[in-house]
Amino acid sequence: DIKISLTLMPLAARTPGLFDLSSLRPIYDYFIGMSYEYYGVNADISGPTAPMQGFAQKKYFYDVTSTYTDFLQVIPRDKLVMGVPYYGWERAVKDGKTPGSRTFPASSPNNYAGIVSFARGKENTDFTKSQCSWEPIAGETWCWYKDKTTGIDRQLWLADTKSIGTRYDYAIKKQFAGVALWTLGYDKAYPDLWD
């Protein structure tokens, strides 16, 4: 039995002209929401990869719950699959101790962002647990440290067991068709996320 799915960016149901979801609904068996990359590689601030909330409070430009509230206006929940990030971003920032700190401008040689996979977040020795905090509105852990070579603050938003569990719980509560992981292999040999 062949199933056909369509992957949708977070703003697909909110932004007119991106997709005609009402017309596509009968064609596809599943719609996979890319509920990640809200603050990606080129973000002006070091923000969460997939903030659960914060849009209504104007803390984040958009969030996961708003994405699925929009999707559910046109797509039935049994056709929705929630994309869950197994990664976060690490960026050079102006002030590492402040969540959502400004990143360096694109023209700066210090403007380097790197993906932090689930496994790398567990294995990273640049920061300690005391340099990490849970951001309850985003539902993500963020950490900071000072780069030993450059002296520049670095800030990370992590996909850890707690943040991923928050997303799994949301998908279960909403009775979605399932979750899609981005991307397989980012957990290496750690069984936490499967357990």
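This briefing walks through the salt bridges, pockets and unusual backbone spots of the structure above. Keep in mind that the model is predicted. A search of the whole structure finds eight salt bridges, and the largest pocket has a volume of about 290 Å³. There is also a cis peptide bond, running from tryptophan 182 to threonine 183.

**Salt bridges**

- Let's start with a little background: side chains of opposite charge can pair when their charged atoms come close.
- Arginine 14 and aspartate 70 make such a pair, with their closest N and O atoms 2.7 Å apart. Arginine 14 sits in the loop between strand S1 (5-8) and helix H1 (21-24), while aspartate 70 belongs to helix H2 (residues 64-71), so this salt bridge ties together parts that are 56 residues apart in sequence.
- Are the two partners buried or exposed? Arginine 14 is partly exposed, at 37% relative accessible area, whereas aspartate 70 counts as buried because its 13% falls under the 20% cut-off.
- Arginine 120 pairs with glutamate 90, again through a salt bridge, and here the closest N and O atoms are 2.7 Å apart. The two residues come from distant parts of the chain: arginine 120 lies in helix H3 (residues 118-123) and glutamate 90 in strand S4 (residues 87-93), 30 residues apart.
- Glutamate 90 is buried, with 3% relative accessibility, and arginine 120 is partly exposed, with 32%.
- Which residues are linked with Arg120 in a network of salt bridges? They are Glu90 and Arg154.
- Aspartate 153 and lysine 146 also meet through their side chains, with 2.7 Å from N to O. Aspartate 153 counts as buried at 11% relative accessibility, and lysine 146 as partly exposed at 47%.

**Pockets**

- The largest pocket is lined by 14 residues, and the closest to its centre are Gly121, Lys122, Lys129, Leu158 and Asp160.
- Which elements give two or more residues to this lining? They are H3 and strand S7 (140-146), with H3 giving the most, at three residues.
- Sorted by class, the lining of the largest pocket holds six nonpolar, five polar and three charged residues.
- The second largest pocket encloses about 150 Å³ of space. Its lining includes Met52, Gln53, Pro136, Tyr170 and Lys174.
- Helix H4 (residues 161-173) supplies the largest share of the lining of the second largest pocket, with four residues. By class, this lining has four nonpolar, four polar and three charged residues.

**Unusual backbone spots**

- Here is a rule of thumb for this part: most residues other than glycine have a negative phi, and most peptide bonds are trans.
- The bond from tryptophan 182 to threonine 183 is cis, and its omega is near 5°. Threonine 183 is located in the segment after strand S9 (178-182).
- Glutamate 37 has a positive phi of about 70°, although it is not a glycine. You can find glutamate 37 in the loop between strand S2 (30-33) and H2, where it is partly exposed at 33% relative accessible area.
- Lysine 58 has a positive phi too, near 60°, and is a residue other than glycine. Lysine 58 is found in the loop between S2 and H2, and it counts as exposed because its relative accessibility of 76% is over the 50% cut-off.

Conventions. Residues are numbered from 1 along each chain as its sequence is written. This is a predicted model: local features need pLDDT of at least 70, side-chain atom pairs count only at pLDDT 80 or more; totals for chains, interfaces and linings use all residues. Side-chain values use heavy atoms; hydrogens and water are left out. A salt bridge is a side-chain nitrogen of Lys or Arg within 4 Å of a carboxyl oxygen of Asp or Glu. Buried means under 20% relative accessible area, exposed over 50%, partly exposed in between (1.4 Å probe, protein chains only). On a 1 Å grid over the protein atoms alone, a cavity is a set of points where a 1.4 Å probe fits but cannot get out, and a pocket is an open set with protein on both sides within 12 Å along at least five of seven lines; lining residues have an atom within 4 Å of a point. Grid points are joined across faces, edges and corners, and a volume is the space filled by probe spheres set on the points. Ala, Val, Leu, Ile, Met, Phe, Trp, Tyr, Cys and Pro count as nonpolar, Asp, Glu, Lys and Arg as charged, and the others, Gly among them, as polar.
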